[in-house]
Amino acid sequence: MVNLMSANYVCADCDYQFALSEAGDDPRCPKCTRTEAVEPADDSALQSDIWRQWLFVFALLFVAGIAYVVFE
Ligand SMILES: [Zn+2]
């Protein structure tokens with residue numbers, strides 16, 4: 001689900017992430033007030049991190065289920 005009303009940005013200069021309700025042509029970092037270092041945040045990396053965590057949980061449940069069947 002993508003929220004088109006706000007955009008996430010990350011400042012490459014101070015690694016500060018922030019969201020702007022209206023994406024202008026020149027978003028400014030609220031921390032260091034730079035504009036040239038601000039880039040759109042990469043949400044896909046965060047999404048894959050969440051999926052990796054879920055895969056880990058499912059793998060644990062799978063192993064637990066096998067252990068339950070084997071040792072029951
Ligand atoms: Zn900054």
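A residue is buried if 20 or more other C-beta atoms lie within 10 Å of its own, and exposed if 12 or fewer do. Cys11 has 23 C-beta neighbours inside 10 Å, so Cys11 counts as buried. This result, like those that follow, comes from a predicted model.

The chain has 72 residues, and 6% of them count as buried. One helix and three strands make up its secondary structure elements. Along the sequence, these elements follow the pattern β-β-β-α. Helix 1 spans residues 43-71. Contacts between residues at least 6 apart in sequence were also examined. Of these, 31% join residues at least 24 apart.

The three strands form an open sheet. Their order in the sheet is 2-1-3, and the pairing is antiparallel. Strand 2 (17-20) and strand 3 (38-40) are the edge strands. Each of the two pairs on one side only. From one strand to the next, the twist averages 35°. Strands of a sheet pair through backbone hydrogen bonds, and the pairing can be parallel or antiparallel.

Strand 1 covers residues 7-11 and pairs with strand 2 over four bridges. The sense of this pairing is antiparallel. Two pairs of residues illustrate it. Ala7 stands opposite Leu20 of strand 2. Val10 faces Gln17, also in strand 2. Strand 1 pairs with strand 3 as well, again in the antiparallel sense. Three bridges join strand 1 and strand 3. Here Tyr9 has Pro40 of strand 3 as its bridge partner.

The buried residue Cys11 belongs to strand 1. Which residues does Cys11 touch, not counting those up to four places away in sequence? The partners are Tyr16, Cys29, Lys31, Cys32, Arg34, Ala37 and Val38. Val38 lies in strand 3, which spans residues 38-40. The C-alpha atoms of Cys11 and Glu36 are separated by 8.8 Å. Along the chain, Cys11 and Glu36 are 25 residues apart.

The loops were considered next. Strand 1 and strand 2 form a hairpin with five residues between the strands. Asp15 is found in this loop. Is Asp15 buried or exposed? Asp15 has 9 other C-beta atoms within 10 Å, so Asp15 is exposed. The phi angle of Asp15 is near 60°, a positive value in a residue other than glycine. Cys29, one of the residues that Cys11 touches, is 14 residues from Asp15 along the chain. The C-alpha atoms of Asp15 and Cys29 are separated by 9.8 Å.

The loop between strand 2 and strand 3 holds Thr33. Thr33 also has a positive phi in a residue other than glycine, with a value near 55°. Why does Thr33 count as exposed? Thr33 has 8 C-beta neighbours inside 10 Å, and a residue is exposed if it has 12 or fewer.

Asp42 lies in the loop between strand 3 and helix 1. Because Asp42 has 10 other C-beta atoms within 10 Å, Asp42 is exposed. Asp42 and Asn8 are 34 residues apart along the chain. Their C-alpha atoms are separated by 8.3 Å. Asn8 falls within strand 1, residues 7-11.

Taken together, the loop residues contrast with Cys11. Asp15 is exposed, Thr33 is exposed and Asp42 is exposed, whereas Cys11 in strand 1 is buried.

Technical notes:
Residues are numbered from 1 along each chain as its sequence is written. This is a predicted model: local features need pLDDT of at least 70, side-chain atom pairs count only at pLDDT 80 or more; totals for chains, interfaces and linings use all residues. Two strands pair if DSSP finds at least two bridges between them. Axes are lines fitted to C-alpha atoms, for helices over the stretch in contact, and angles run from 0 to 180 degrees between N-to-C directions. Two residues are in contact if their C-beta atoms, placed from the backbone, lie within 7 Å.
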